[in-house]
2 protein chains.
Amino acid sequence: MTTYKRLVLASRPQGEVVPENFRLEEVAVPALNEGEVLIRNHYLSLDPYMRMRMEDVKSYAAPQALGETMIGGTVGEIVESKNPKFAIGDKVQGMMGWAEMGVSDGTLLRKLDTTHIPLSAYLGSVGMPGMTAWYGLTQIMQPKEGETIVVSAASGAVGSVVGQLAKQRGCRAVGIAGGKDKCDYVVNELGFDACVDYKAGNLVGDLEKATPKGIDAVFENVGGKVFDASLARMNPFGRIALCGMIAGYDGEPMPINNARVFLTMRLTMRGFIVSEHMDLWPQGLKELGTLVATGKLKFRESVSDGLASAPDAFIGLLKGKNFGKQLVKLI
Amino acid sequence: MTTYKRLVLASRPQGEVVPENFRLEEVAVPALNEGEVLIRNHYLSLDPYMRMRMEDVKSYAAPQALGETMIGGTVGEIVESKNPKFAIGDKVQGMMGWAEMGVSDGTLLRKLDTTHIPLSAYLGSVGMPGMTAWYGLTQIMQPKEGETIVVSAASGAVGSVVGQLAKQRGCRAVGIAGGKDKCDYVVNELGFDACVDYKAGNLVGDLEKATPKGIDAVFENVGGKVFDASLARMNPFGRIALCGMIAGYDGEPMPINNARVFLTMRLTMRGFIVSEHMDLWPQGLKELGTLVATGKLKFRESVSDGLASAPDAFIGLLKGKNFGKQLVKLI
């Protein structure tokens, strides 16, 4: 191969993301310098945070540059190496972006053991989404046995892990998801105690039924009305891990209407970005890896085929059309 | 004296509090049982939290009962004692409510030393409001030297202490208050670095000017647009002590519109009630008492005269008509 394909950000979205915001390019495979490796990416991870990076606004990270390869986590294989730490055939996880290949000097590249864990899981339950769930649950929500926790986007890459980890800690785990299929999966496959279908039209009432003892901790991925519904059920001294507000990523106003509850129930809420807490990754990944390898942590993947499918798959993810972790298979 | 006056809650407010929500009654001074004391109240404290207690809703405390003496902190003097721990003439702080006299078995009654600290200050800077400021600042905001803190209702009993304590810790202290007189007082008398007049019509722009390095921690008393303005200026890892949302106490919707900032700036917000942290009162009151006794912590009082003036004074407090700590002088 002398060339490979990549997707660059062609324009910033005005409201909803459209396929035209991306441009497929074919570029030459570069010659390696000393210390570098060439990686053939097998899977590309698609994640909601990418939507925020597409905006040119003040946030926790610099905006994605126009004309550059879209950022993103990848897993793949070393196909050429001028770095003694990596051999051809090594499986690695990195941030190579929306591209079939990539060059790295080894920084932030992690060698993967696929003996007991499938390669793609390192982009999901044993990767950034899993760590996001682990961090929010263990460091912010800190649930005690017998407490009720609620997680929105419960069938997704992050939410599914939150609920399963909470169950293992003796909690009542309640999910919120869109549609009967996702809710059935969350309860029957993932083992949550209950799941509320926010599309069924009775979110507040259904969540009340699913949380007879109120809510002690929330993992929030959605924001807006979904978050307000959880706030209305909070118990005193409840904790909220604020991970995402996907309902507002296209610029819709997304107020927290139940603000008073923070005061009356003495709630603690913390927004977080898991990549700022790398010191805890070894501890978290050890637990997550063991659980996946032993079949105790279940996950589901939506896999689209080929790099050119990434824009549509990403747009679908933002609308909740995926079911579980959204991946793009590149090889 | 064989009778004394008290104010009871006659009805719950429908929106704004009106004088008719209270009823003045004359009741007999009761005979004391063994272990009890009779207190003649000198000052009654009026505080925003009382507004929430007037509602019959789920909150951190049971609602104020109809037909019962309105709750409230008081300072006064023992005028009769069947409790060996208290002598006639002892000055005490208690929760005797909106009444000229009260009977106590000594529980929650605190003997006061008025050698260096005026009696009324035990309802302000060296009492619950001061402790509220101290707790929010030291336990939640945890400001470091050189950081910028913002406090709303900055000229009030709580806000004035927040800013002065922050200044002593080497912070830039910025207040938000209503009107030029209050803002001048906050800067010139209390020593804040700046104060923004939210009534001047340019809250967002003026706050931006007053916080050139952004905001690291907020003490929020008001909610609504005032809080949204502060949120828009938050720096990464900012902390928010949520003490009150007086802007919404009459039932107005009071959304947090800048909700996304919690995520992009990884903010931590905690609602709190200082009476749930009594273990820290000795430590806090020691600092506050020393500062007041040595003239290093300044405060101002609005004093209305006589128990019958309490309803109007309270209604004024809710509208920001007070200037500093609102008291009712009973004797």
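1. In helix 3 of chain B, the residues B:Gly159, B:Ser160, B:Val161, B:Val162, B:Gly163, B:Gln164, B:Leu165 and B:Ala166 are buried. This should be read with the reminder that the model is a predicted one. The helix as a whole is mostly covered, with 8 of its 10 residues buried. Those buried residues pack against helix 2 (128–141), helix 8 (281–293) and strands 8, 9 and 11, which belong to chain B as well.

2. As to its placement, helix 3 of chain B (residues 159–168) lies across strand 8 (148–152), strand 9 (172–177) and strand 11 (215–220) of chain B, and its direction makes an angle of about 170° with that of strand 8 of chain B. After the helix comes B:Gly170, a residue with a positive phi, near 80°.

3. Strands 8, 9 and 11 of chain B are also members of an open sheet of 12 strands, in which the pairing is mixed and the order reads 10(A)-9(A)-8(A)-11(A)-12(A)-13(A)-13(B)-12(B)-11(B)-8(B)-9(B)-10(B). At the edges stand strand 10 (194–197) of chain A and strand 10 (194–197) of chain B, each of which pairs on one side only. On average, and with direction ignored, neighbouring strands of this sheet are turned by 15° against each other.

4. The two chains meet within this sheet through strand 13 (residues 268–271) of chain A and strand 13 of chain B, which run antiparallel and are joined by 3 bridges. At this junction A:Met269 stands opposite B:Met269 in strand 13 of chain B. Strand 13 of chain B has a covered face, formed by B:Met269 and B:Gly271, whereas B:Thr268 and B:Arg270 make up its uncovered face.

5. On its other side in the strand order, strand 13 of chain B is followed by strand 12 of chain B, and these two strands run parallel, with 4 bridges joining them. One residue to inspect here is B:Leu242, which is placed in strand 12 (residues 234–242) of chain B and has B:Gly271 as its bridge partner in strand 13 of chain B.

6. Is B:Leu242 buried or exposed? Its relative accessibility is 0%, and because buried means under 20%, B:Leu242 counts as buried. When neighbours within four places in sequence are left aside, the contacts of B:Leu242 reach both chains, with A:Phe262 and A:Leu263 in chain A, and B:Glu220, B:Met269, B:Arg270, B:Gly271 and B:Phe272 in chain B. B:Met269 and B:Gly271, which are among these contacts, are the residues of the covered face of strand 13 of chain B. From B:Leu242 to B:Val222 the C-alpha distance is 9.2 Å, with the two residues 20 apart in sequence.

7. Elsewhere in chain B, strand 4 (residues 74–81) has two antiparallel pairings to consider. With strand 3 (residues 37–45) of chain B it pairs over 7 bridges, and B:Leu44 stands opposite B:Thr74 of strand 4. With strand 5 (residues 91–94) of chain B, strand 4 of chain B pairs over 4 bridges, and here B:Glu77 stands opposite B:Lys91 of strand 5.

8. B:Glu25 is found in strand 2 (residues 22–28) of chain B, where its side chain and that of B:Arg23 are joined by a polar contact of 3.2 Å. Apart from its neighbours within four places in sequence, B:Glu25 is in contact with B:Tyr4, B:Lys5, B:Arg6 and B:Val8.

9. For the overall picture of chain A, the secondary structure comes to 9 helices and 15 strands. The radius of gyration of chain A is 20 Å, close to the 20 Å that the globule rule gives for 331 residues, so the chain is as compact as a globular protein of that length. The C-alpha trace of chain A spans about 60 × 45 × 35 Å along its principal axes.

10. Of the 331 residues in chain A, 59% count as buried, and its accessible surface comes to about 13400 Å², with 51% of that area belonging to carbon and sulfur atoms. Among the contacts in chain A with a separation of 6 or more, 66% are accounted for by residues 24 or more positions apart.

Conventions:
Residues are numbered from 1 along each chain as its sequence is written. Chains are lettered from A and ligands numbered from 1 in the order in which they are written. This is a predicted model: local features need pLDDT of at least 70, side-chain atom pairs count only at pLDDT 80 or more; totals for chains, interfaces and linings use all residues. Side-chain values use heavy atoms; hydrogens and water are left out. Buried means under 20% relative accessible area, exposed over 50%, partly exposed in between (1.4 Å probe, protein chains only). Contact means heavy atoms within 4.5 Å. Two strands pair if DSSP finds at least two bridges between them. Axes are lines fitted to C-alpha atoms, for helices over the stretch in contact, and angles run from 0 to 180 degrees between N-to-C directions. The radius of gyration is taken over C-alpha atoms; the globule rule is 2.2 Å times the number of residues to the power 0.38. Accessible areas come from the Shrake-Rupley method with a 1.4 Å probe; for residues, only the protein chains shown count as cover. A polar contact is a pair of N or O atoms within 3.5 Å; within protein, one must be able to donate a hydrogen and the other to accept it, and residues adjacent in sequence count only if both atoms are side-chain atoms.
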